[in-house]
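Let's take a walk through the salt bridges of a protein model. Have the viewer open and follow along.

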Amino acid sequence: MLKRCTDCGLEKPTSDFHKARKPRGGRTPRGGQGVVAQCMDCRAEARKPGILASRREAEELRSHGLKKCSACSQIKATSAFHVRRASPDGLAYKCIECVNEHTGAWRRKNPGAFKQWYSENREERAEYWQEWYEQNREHRAASYAEWARANKHVVNALIAKRNAAKLQATPPWANQQAIRAIYAEAARLTAETGIPHEVDHIYPLQGATVCGLHCEANLQILTKTENIRKKNRMPEDLGYV
């Protein structure tokens, strides 16, 4: 169904018009086909003059793999922009360089603000992410499997690095039988409860300031969700000590 816009005079599908709002208790005026008189383009131009030209320019740049940054106004390759799924083109409005500059300026102006916010909302965030991980377990597993298939060299390098770290961190007096028993207990808990359990190093093998040992005294069993949430942090960072 077509309708003529009262501003540009062009006949367009009614899908190019906003729906007409009817007054409370009333009904849509007759003859309007249930939409407003001006098309979306004309209404957008009336709100922000020049927006249609900007859209055409953006489409032309996009066809060549380019995009203009809304902050510095420089035309750059689309690879210079972060992904933003909510945007029409799937990219952020500001380039990565401008985003980093803005973020850096904010951090210099508000030193320690994020750490303070995180410490005040740690429990709430932990509960949120634990719930998110549980609700998206299958999606995350499928996504990681797809990524691992496409990046086998990266996975192999990470596994080799992890194995080398374990070998170098295993003292000669470590009780290998006790270590195997801990891993066996984690497997048993996984099988019985259906909840993935993992063996975690209390003091990480590759910590920022201290490197722990691969021995029975430095191992603990956590659920996979808890282990992901712990990341590579020390017991002191988690408030255990």
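Which residue forms a salt bridge with Asp41? That partner is Arg55, and the closest N and O atoms of the pair are 4.0 Å apart. Before going further, keep in mind that this is a predicted model. The bridge we just picked belongs to a set of ten in the structure.

Now look at where the two ends sit. Asp41 is part of helix 1, which covers residues 40-47, while Arg55 belongs to helix 2, residues 51-63, so the salt bridge ties together parts that are 14 residues apart in sequence. As for solvent, Arg55 has a relative accessible area of 41%, so it goes down as partly exposed. Asp41 comes out at 33%, which makes it partly exposed too.

Next, turn to Lys12. You'll find this lysine in strand 2, a run spanning residues 11-13. Is Lys12 buried or exposed? Its relative accessible area is 14%, and since the cut-off for buried is under 20%, Lys12 counts as buried. What surrounds this lysine? If you skip the neighbours within four places in sequence, Lys12 is in contact with Met1, Leu2, Lys3, Phe17, Cys39 and Asp41. Asp41 is the name to hold on to in that list, given that it is also the partner of Arg55.

For another kind of pairing, jump along the chain to helix 8, which runs over residues 176-193. Glu185 and Arg188 both lie there, three residues apart, or about one turn of the helix. Their side chains meet in a salt bridge, with an N to O distance of 2.5 Å. Glu185 has 29% relative accessibility, so it is partly exposed, and Arg188, at 36%, is partly exposed as well. Back at the lysine, salt bridges with shared partners join Lys12, Asp41 and Arg55 into one network. That puts the buried Lys12 in a network with the partly exposed Asp41 and the partly exposed Arg55.

One more stop: Arg137 and Glu134. Here the side chains form a salt bridge at 2.3 Å, N to O. How accessible are the two ends? Arg137 has a relative accessible area of 35%, so you can file it under partly exposed. Glu134 also has 35% relative accessibility and counts as partly exposed.

How values were computed
Residues are numbered from 1 along each chain as its sequence is written. This is a predicted model: local features need pLDDT of at least 70, side-chain atom pairs count only at pLDDT 80 or more; totals for chains, interfaces and linings use all residues. Side-chain values use heavy atoms; hydrogens and water are left out. Helices (H or I, at least four residues) and strands (E, at least two) are DSSP runs, numbered from the N terminus. Buried means under 20% relative accessible area, exposed over 50%, partly exposed in between (1.4 Å probe, protein chains only). Contact means heavy atoms within 4.5 Å.
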